[in-house]
Amino acid sequence: MKFNLRIAVPLLLLAALALVPVYAQLAQQPFYLILFGRIVIFAIAALSLDLIIGYGGMVSFGHALFLGLGAYVVAICSYHGIDNGFVHLAVTLLLCAGVGLVTGVLSLRTTGIAFIMITLAFAQMFYFLAVSLRQYGGDDGLSVNAGSRFGGIMLDNPTMLYYTAFVVLCLCLWAGRRLVQARFGMVVRGARQNNRRMRALGFPTLRYKLAAYVVSAMVCGLAGMLYANLTHFVSPAYMTWTTSGEMIVMVVLGGLGSFFGPLLGTTAMLLADEGLKALTEHWMILFGPLIVVSVLLSRRGLYGVIEDMQARLARRDNVQENGDGPHGAPCGLAAPQGDRFCLGTARQQSTSLLRADRLVKRYGGLLATDHFSFDVAPGELHAIIGPNGAGKSTLIAQLAGELHPDEGAIHFDGRDITALPIEKRAHAGLARSYQITSIFPEFTALQNVLVAVQAMQGHSFVFWKPAIGEAALVEPARELLARVGLGARMQVPAAALAHGEHRQLELAMALAGRPKLLLLDEPMAGMSQAESEQMTHLLAQLKGDCAMVLVEHDMDAVFALADRITVLVYGRAIACGNANAIRDDAAVREAYLGDETRSETMGAAA
C-alpha cells in the first residue's frame, strides 16, 4: 500500500491530540488541557463552518452566533440549577436548529456580499440581546456554576471534557465526510460550483442549502456548549464578528472544502497565537502578516500543501513503475443497445408536445421576444435560426423556465407551464443545454452525469451512503458517457476536458433526465469542423428518441437535422417550414444581412 500523506498527516495529528491529557499529567502542566481543549472545540466549530463555506459556498460572517447560543444554554441552565447534560444538548440543538432555520430562510435568498452582511447582522442582533440580559450578566458575562452532567460523565472534569470533545471531533470528521460524499452532499457541492445548472437539472437548491446551513448551526452550537464547560464562563463577546472572523481564518488557513483542513488551520492558528503571545506583547503585529503569508504560499491552505506533496509523490511513483508516466483512464462501457435512455416517447403525433402562444419579453423599450408562436411535435427536431441578437437564447430561457414571459403562454405535454420554475420543468421532461457550456468543473465527468441521473430519482436528502457507490446512479451515468463518446474519460475532472468534450458531457447530463423535449442552445458553438460533424452525427442518432429544439448557426447541421425550421428576427418569426422552403425564402436571405456569402453558405448546405 502506497503512503498517503492526505490520510497520514491528519491521523498523526489526531493521535497527538489524543495523547495530550497523558502528556499534561506527566509534565504536570494542566494548562495544556485548556489550550488543546480549546483547539479541539474550535476545530469542531470550524468544521461546521467549512460545511457551508468550503462545500456550500455560503460565506457566513455571523457563525459565532451559534457558538454563543450553545454556550449560553449551558450557562443559563446552570444558573437555574439544571446540570443535566442531555437537557443542555437537546435545548442547544433545538435552539440552534430553530435560529438557523429562520436566519437561513432569510439569508439564503441573497448571495455574495448581501448574504455575508445579513448573517453578520443576525449575529449582532443576538449579541445585543445577550448584552441586554442583565439577569444573566449582561455585558459582563455569566459564570457557569455547574458543568454538563451526562450520567457518570461530568464535564466539570478537565480530562473528561477533553476526551468528550475529542470524540465529538472525530465523529464530526467521520460523519462530515460521509455527508459530503452522499447524495445530499453532491447537491450542496454542485450548487456551489454551478447553482444555475443544478436548478436546470431539477434540484430546488435552496432547500438543500438551507438544510446544510441548519446542520452547520447545530454542530457549531454543540461546540459552544463544550466551550462553556471549558471556560466556566460565557460572554456576549462569543457572538461578535471578530469571533466569526477568526473561525473563517481557521477554515481558510487549513483549506476550504477538506474537513481535515479546518483541524489543521485551527491547530496552527491557536498554537501560533499562543506562541507569539509568549514572545511579545505586540504579537498581533506578527500574527496578521504570518496569516497573510501562509495563505499566499498556498491558496488552498495547509491541506492544499499536503495534497500537492502527495501529488508529487504519486507522479514519482508512476514514473518509477511505468517508465513513461501515468496511463490514461481505462475505457468505458460500450455504447448501450436499444433506447434505455432514449427519453420519452418516440412516436410521431399530430398533437403538439410544446406550444408557445404569442410570447412577449421586454427589456425596457426593447422587444426581445415579439408575440412569438411556434410548436414542436413529439419526436420532431425543430430548429430556430436567426442573426445574432435575434432573441434566440432569450426564447430558450423562457421555454426552459429561467425567464418568464411578460405576455403569452407556454404549454408542454398538455399542461400550462408558463409560471412553472425551471426545476419543476426538468422533472416534467424538459431539459436544456447552454450556449456557454454549463457543467461542474470540480467533479469528474462521471460525477457530472451522476448528479444529473440523481436529479431524476426523487429527493436527495440521503446523508450517509456515498453516491459514487450506488449502482443505480453510477451504471446509468457510465452508459450515458459511453453513448456520447466519453466512456474512456469518465474519471477525468471536467475542467481538464477539451471544449468539444464539454459539449458531449453537457449533452449526456441533459439526456440523464430522459427528457421528452431537449432544448439545445448552440451545441456546436466554438467547435472545430470535425467536432461539429461528430456532434451532428450524435444528434442524428438521438433524433426521434425525443423532441428537440435546436438553436444553431451551423447551417450545414441545421439543414441536415431539422424537420422544421423557424427563422427569428428581432424576436419575431418571419418564416417557418422545411429546409427547402427556408433555403428558397427571400425574406430569410435578407434576414441574414443579404450578403452573398451567407446566401452561398445556405445554398451550399442544400
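In which helix is Asn229 found? In this predicted model, Asn229 belongs to helix H9, which spans residues 205–231. The residue counts as buried because its relative accessibility is 1%, below the cut-off of 20%. Its side chain reaches the backbone nitrogen of Ser148 at a distance of 2.8 Å, and Ser148 also appears, together with Val74, Gly147, Leu155 and Leu161, among the residues in contact with Asn229 when neighbours within four places in sequence are left aside.

Helix H9 also takes part in an open feature of the model, the second largest pocket, to whose lining H6 (112–132), H8 and H9 each supply at least two residues. The largest share of this lining, four residues, is contributed by H8. The pocket holds about 350 Å³ of space and is lined by 20 residues, of which Leu108, Thr110, Thr111, Asn195 and Lys209 lie nearest its centre. By character, the lining of the second largest pocket divides into eight nonpolar, seven polar and five charged residues.

Enclosed space was examined in turn. Rolling a probe the size of a water molecule over the atoms shows where empty space is left. The structure holds three cavities of 30 Å³ or more, and the largest cavity has a volume of about 80 Å³. Thirteen residues line the largest cavity, with Ala200, Leu201, Ala431, Ala510 and Gly513 lying nearest its centre, and at least two lining residues come from each of helix H8 (183–201), strand S10 (430–432) and helix H18 (499–511). The lining of the largest cavity comprises 10 nonpolar residues, one polar residue and two charged residues.

The second largest cavity contains about 50 Å³ of space, and its lining is formed by Ser433, Arg503, Glu506, Leu507, Leu520, Pro523 and Met535. Helix H18 gives the most to this lining, with three residues. Of the residues that line the second largest cavity, four are nonpolar, one is polar and two are charged.

Helix H11, which covers residues 260–279, was considered separately. H11 has 20 residues and reaches 29 Å from its first C-alpha to its last, a span close to the 28 Å expected at 1.5 Å a residue. The buried residues of H11 include the run Phe260, Gly261, Pro262, Leu263, Leu264, Gly265, Thr266 and Thr267, and further along the helix Met269, Leu270, Asp273 and Leu276 are likewise buried.

Terms used: Residues numbered from 1 in each chain as written. Predicted model: local features only at pLDDT ≥ 70, side-chain atom pairs only at ≥ 80, totals over all residues. Heavy atoms only, no water. Expected span 1.5 Å × (residues − 1). Buried < 20%, exposed > 50% of the residue type's maximum accessible area, 1.4 Å probe, protein only. Polar contact = N/O pair within 3.5 Å; in protein donor to acceptor, adjacent residues only side chain to side chain. Contact = heavy atoms within 4.5 Å. 1 Å grid on protein atoms, 1.4 Å probe; cavity = no way out; pocket = protein on both sides within 12 Å on 5 of 7 lines; lining within 4 Å. Points joined across faces, edges and corners; volume = space filled by probe spheres on them. Nonpolar A, V, L, I, M, F, W, Y, C, P; charged D, E, K, R; others polar.
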